[in-house]
Amino acid sequence: MNPNNSGTETIDDKQFYQLGSQLLHSIEAALEAADDALDLDLDVERQGGNVINIRFKDRSVIVVNTQPPLHEIWVAAKSGGYHYRWAGTVAKPLWLDTKTGKELLSDLSEFATAQAGQEIKVALI
């Protein structure tokens, strides 16, 4: 992954805060909708404004949080810890894993599906 590629817009701290807030809100909304539709018994809790704890029926947890000094989104799941760096534009947000280059929402959908035992799709709203 090249964070300086021509398709990536540089963001400042204010934009990171706005984009991070939008991302966390989208994650909460998608998980709450999935919980309502599939009766997953999820507990989605915002902590301190920039952290989401997602507790599953089996008591496993996924934690998603923003890291403002690094302009990254961090995810901790059963499968491991992941760091996602900005690689998009304001019009087309994109966060890519710093090691694998995989997209955050796709990964998060995969992690949540594995931990819930039912398919969950997480997307921006």
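**Entry 1: Glu72**

I started with Glu72, which counts as buried because its relative accessibility is 5%, and the cut-off for buried is under 20%. A note to self before going on: this is a predicted model.

What does Glu72 pair with in a salt bridge? I found Arg85, with the closest N and O atoms 2.6 Å apart. The pair links distant parts of the chain, since Glu72 belongs to strand S4 and Arg85 to strand S5, 13 residues apart. I looked up the cover on Arg85 as well: its relative accessible area is 30%, so Arg85 is partly exposed.

**Entry 2: the strands around that pair**

Next I followed the strands. S4 covers residues 72-77, and S5 covers residues 80-86. They run antiparallel and are joined by 6 bridges. How many residues sit between S4 and S5 in their hairpin? I get 2. I also noted that Ala77 stands opposite Gly80 of S5.

S5 has another partner, strand S6, made of residues 95-97. Here I count 3 bridges, and the two strands are again antiparallel. Arg85 turns up once more: its bridge partner in S6 is Leu96. So I have Arg85 in my notes twice, with a salt bridge to Glu72 and a strand bridge to Leu96.

**Entry 3: two positive phi values**

I then checked backbone angles. Most residues other than glycine have a negative phi. That is why I wrote down the exceptions.

His71 has a phi near 55 degrees, a positive value, and it is not a glycine. Where does His71 lie? I found it in the loop between strand S3 (61-67) and strand S4. Is His71 buried or exposed? It is buried, because its relative accessibility is 16% and anything under 20% counts that way.

Asp41 is another one, with a positive phi of about 60 degrees. This residue sits in the loop between helix H1 (13-38) and strand S1 (43-47). Its relative accessibility is 49%, so I put Asp41 down as partly exposed; exposed would need over 50%.

**Entry 4: a negative patch**

Asp41 led me to a surface feature. Which residues gather with Asp41 in a patch of negative charge? My list reads Glu32, Asp36, Asp39 and Asp43, along with Asp41 itself. I looked at Asp36 in particular. It is found in helix H1, and it counts as exposed because its relative accessibility is 66%.

**Entry 5: a salt-bridge network**

Last, I went back to salt bridges. How many does the structure hold? The count is 6. The Arg85 and Glu72 pair from my opening entry is one example of a salt bridge here.

Lys102 gave me more to write. It forms a salt bridge with Asp107, with closest N and O atoms 3.3 Å apart. Glu110 also forms a salt bridge with Lys102, and there the closest N and O atoms are 3.6 Å apart. Lys102, Asp107 and Glu110 are thus linked in a network of salt bridges.

I looked up how covered each member is. Asp107 is buried, since its relative accessible area is 3%. Lys102 is partly exposed because its relative accessibility is 38%. Glu110 comes out as partly exposed too, because its value is 45%.

Methods:
Residues are numbered from 1 along each chain as its sequence is written. This is a predicted model: local features need pLDDT of at least 70, side-chain atom pairs count only at pLDDT 80 or more; totals for chains, interfaces and linings use all residues. Side-chain values use heavy atoms; hydrogens and water are left out. Helices (H or I, at least four residues) and strands (E, at least two) are DSSP runs, numbered from the N terminus. Buried means under 20% relative accessible area, exposed over 50%, partly exposed in between (1.4 Å probe, protein chains only). Two strands pair if DSSP finds at least two bridges between them. Patches are made of residues with over 30% relative accessible area and no salt bridge: like charges are joined within 9 Å, nonpolar side chains (Val, Leu, Ile, Met, Phe, Trp, Tyr) within 5 Å. Accessible areas come from the Shrake-Rupley method with a 1.4 Å probe; for residues, only the protein chains shown count as cover. A salt bridge is a side-chain nitrogen of Lys or Arg within 4 Å of a carboxyl oxygen of Asp or Glu. Lys and Arg count as positive and Asp and Glu as negative; His and the chain ends are not counted. The place of a charge is taken as NZ of Lys, CZ of Arg, CG of Asp or CD of Glu.
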